[in-house]
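Please examine the sequence and the model shown here before reading on. The explanation proceeds from the overall fold to individual side chains.

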Amino acid sequence: KEAQIQGLIKTVPRLKAISTEEYPTPATRPANSALDCSKIAEVFGIQQPDWRIGLNDILKGWKKS
């Protein structure tokens, strides 16, 4: 949706959610694979920004180039 707002694509792709069972893969996947950034925050005081902010920055860069 954000790429459409920034004029990079004309239409928003339609996505269909599927279960893990519907996407067979040889590797076993955890139910929650979110990256734990607590140690870098604890040791260095670095807080990870929300991924949407990074996505916006990348799309703006693509738009400029």
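The paragraphs below treat confidence, overall form, and then selected residues.

The structure is a predicted model, and its confidence should be considered at the outset. The mean pLDDT of the protein is 89, and 100% of the residues reach at least 70. Confidence is highest in helix H2, at 95, and lowest in helix H3, which covers residues 51–64 and has a mean of 91.

The secondary structure consists of three helices and zero strands. Along the sequence, the elements therefore follow the pattern α-α-α, and the radius of gyration of 17 Å is well over the 11 Å that the globule rule gives for 65 residues, so the protein is more spread out than a compact globule. Computed along the principal axes, the C-alpha atoms occupy a box of roughly 40 × 35 × 15 Å. The exposure of the residues can be described in similar terms: 5% of the 65 residues count as buried. The protein exposes about 6500 Å², of which carbon and sulfur atoms supply 57%.

The loop between the helices H1 and H2 offers two residues for closer examination. H1 spans residues 2–5 and H2 spans residues 38–44, and Leu8 is found in the loop between them. Gln6 lies in that loop between H1 and H2 as well. Are these residues buried or exposed, in whole or in part? Gln6 has a relative accessibility of 9%; because buried means under 20%, Gln6 counts as buried. Leu8 has a relative accessibility of 33% and therefore counts as partly exposed.

Which residues does Gln6 touch, leaving aside those up to four places away in sequence? The contacts of Gln6 are with Asn56, Leu59, Lys60 and Lys63. These four partners carry numbers within the range 51–64 of helix H3.

Leu8, for its part, belongs to a nonpolar patch on the surface. The other members of this patch are Ile9, Ile58 and Trp62, and the four residues together have about 390 Å² of accessible area.

Charged side chains complete the description. How many salt bridges does a search of the whole structure find? The search finds one. In this salt bridge the side chains of Asp50 and Arg52 meet, with a distance of 2.7 Å from N to O. Asp50 is partly exposed, because its relative accessibility is 35%. Arg52 is likewise partly exposed, with a relative accessible area of 46%.

Methods
Residues numbered from 1 in each chain as written. Predicted model: local features only at pLDDT ≥ 70, side-chain atom pairs only at ≥ 80, totals over all residues. Heavy atoms only, no water. Patch = residues over 30% accessible without salt bridge, like charges linked within 9 Å, V, L, I, M, F, W, Y side chains within 5 Å. Areas by Shrake-Rupley, 256 points an atom, 1.4 Å probe, with all protein chains shown as cover. Buried < 20%, exposed > 50% of the residue type's maximum accessible area, 1.4 Å probe, protein only. Contact = heavy atoms within 4.5 Å. pLDDT = per-residue confidence, 0-100. Rg over C-alpha atoms; globule rule 2.2 N^0.38 Å.
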